[in-house]
Amino acid sequence: MAKAVRIHQIGGPEVLQWEETEIGKPSPEEARIKQTAIGLNYIDVYHRTGLYPIGDLPTSLGTEAAGVVEEVGEKVTNVAVGDRVAYAPVIGAYAESRLILADKLVKLPDSINDQTGAAMMLKGMTASYLIRKTYAVQAGDPVLIMAAAGGVGQILSQWAKHLGATVIGCVGSEEKAIIARSAGCDYTILYNTEDVATRVKEITGGEGAVVSYDSVGEATFLASLDSLRPFGYMVSYGNASGPVEALKVADLASRGSLFFTRPSLMPHTATRPQLDDLSQSLISLVASKTITITINQRYDLENIRQAHEDLEARRTSGSTVLIT
Ligand code: NDP
């Protein structure tokens, strides 16, 4: 038995229940891990509210965590008892212990502690594919990043800066602007009060950004489109303010033959070589301290409701971890 946070229905933070669950023995291809730290992600909110379907209920939420391998099935060869591991994205992370397909686990080097591992896997692998695959950022590119002080936002900002881009970060407050600049943003824009497209054009000498990485969704979608230069890339990868319900394809033409994509992490980690590529690109930059994973909030796992409330109320910055 172990404690886990589960939901029996979709809804607000009140549906998150801290309860006993049965873990059981690993099947031949599974490992059982004792989890020490769990990453909180905005996708957990989408699962809780039903914006993203989650399958049969009751279920545990959460998609990333770190811990120690306690037991392995007879066919498992990639990890052994005692290994420190992390994973993402695999549903069911809000738990003290869990079973998981061993093929989804990544070993953590000694230089990366469990909390950092839990804080970085989903957000950092997302940054990795966005910045290397969706649009491969080049030195000198003006890059626009929405919610730049957030979990994914801070990693993206640091990574873009490392690649030599001119990084323009949009944030919701002066306090978060300071955080975003310390994460590598050359310029910050307060998107609640400033005209984003006008500011981006000023910063880029009238040309516009090459790419907008937009995790805010509905509230910033048009500002992102208007901030791009001809042939720019509109990368809509999240819905913190609500989903973008309608795209008029003519809007892409009128702004100069823009490219539009709505990517997600799942197909980018579908195979083991893909998972290795994303995780190792991230681990090497974190281990070398090129990218710092900033954990600004910690909660005991049983206080999960407060963690969700704070994330949704925009009271968080950087990564948040839940401690078992
Ligand atoms: P964040 O830490 O970025 O938190 C969300 C931030 O969004 C807030 O802090 C806030 O920053 C900003 N925001 C703007 N408008 C709103 C609003 N109306 N309500 C709440 N927040 C708002 O979260 P994560 O790092 O966990 O995730 C960032 C985004 O990336 C999410 O949208 C998530 O869905 C997406 N994502 C997408 C993936 C993919 O593969 N497609 C994978 C992983 C994450 P501020 O106060 O500065 O405005």
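A polar contact here is a pair of N or O atoms within 3.5 Å. I'm keeping that cut-off at hand while I go through the ligand site, and I'm noting up front that this is a predicted model.

**Entry 1: polar contacts of the ligand**

I started with the backbone. A polar backbone atom of Y42 is 2.9 Å from a ligand oxygen, so the pair falls inside the 3.5 Å limit. Then I went to side chains. For K176, I got 2.8 Å between an N or O atom of the side chain and an oxygen of the ligand. For Y191, the side-chain N or O atom is 2.5 Å from a ligand oxygen. I also looked up how covered the ligand is: on its own it has 920 Å² of accessible area, and the protein covers 92% of that.

**Entry 2: who is around it**

I found 29 residues around the ligand, and the ones that come nearest are Y46, Y129, K176, Y191 and R314. K176 and Y191 were already in my notes for their side-chain contacts. Sorting the shell by class, I get 14 nonpolar, 11 polar and 4 charged residues.

**Entry 3: where the shell comes from**

Which helices each supply at least two residues of the shell? I have α1 (42–49), α2 (114–134), α3 (151–162) and α10 (304–312). The largest share is from α2, with 3 residues. At the domain level, domain 1 (2–121 + 279–323) and domain 2 (139–262) each give the shell at least three residues. I checked the pockets too: the space that the ligand takes up is the largest pocket.

**Entry 4: backbone oddities**

Next I went through the backbone. Most peptide bonds are trans, and most residues other than glycine have a negative phi. I wrote down some exceptions.

- L57 to P58 is a cis peptide bond, with omega near 0°. I place P58 in the loop between α1 and β4 (59–60).
- A88 and P89 are also joined by a cis peptide bond, with omega about -15°. P89 sits in the loop between β6 (84–87) and β7 (97–101).
- A147 isn't a glycine, yet its phi is positive, about 50°. I found A147 in the loop between β9 (142–145) and α3. That helix is on my list of shell suppliers from Entry 3.

How values were computed
Residues numbered from 1 in each chain as written. Predicted model: local features only at pLDDT ≥ 70, side-chain atom pairs only at ≥ 80, totals over all residues. Heavy atoms only, no water. Near = heavy atom within 4 Å. Polar contact = N/O pair within 3.5 Å; in protein donor to acceptor, adjacent residues only side chain to side chain. Areas by Shrake-Rupley, 256 points an atom, 1.4 Å probe, with all protein chains shown as cover. 1 Å grid on protein atoms, 1.4 Å probe; cavity = no way out; pocket = protein on both sides within 12 Å on 5 of 7 lines; lining within 4 Å. Sits in = over half its atoms within 2 Å of the grid points. Helix = DSSP H or I, 4+ residues; strand = E, 2+ residues; numbered from the N terminus. Nonpolar A, V, L, I, M, F, W, Y, C, P; charged D, E, K, R; others polar. Domains from an automatic or database assignment.
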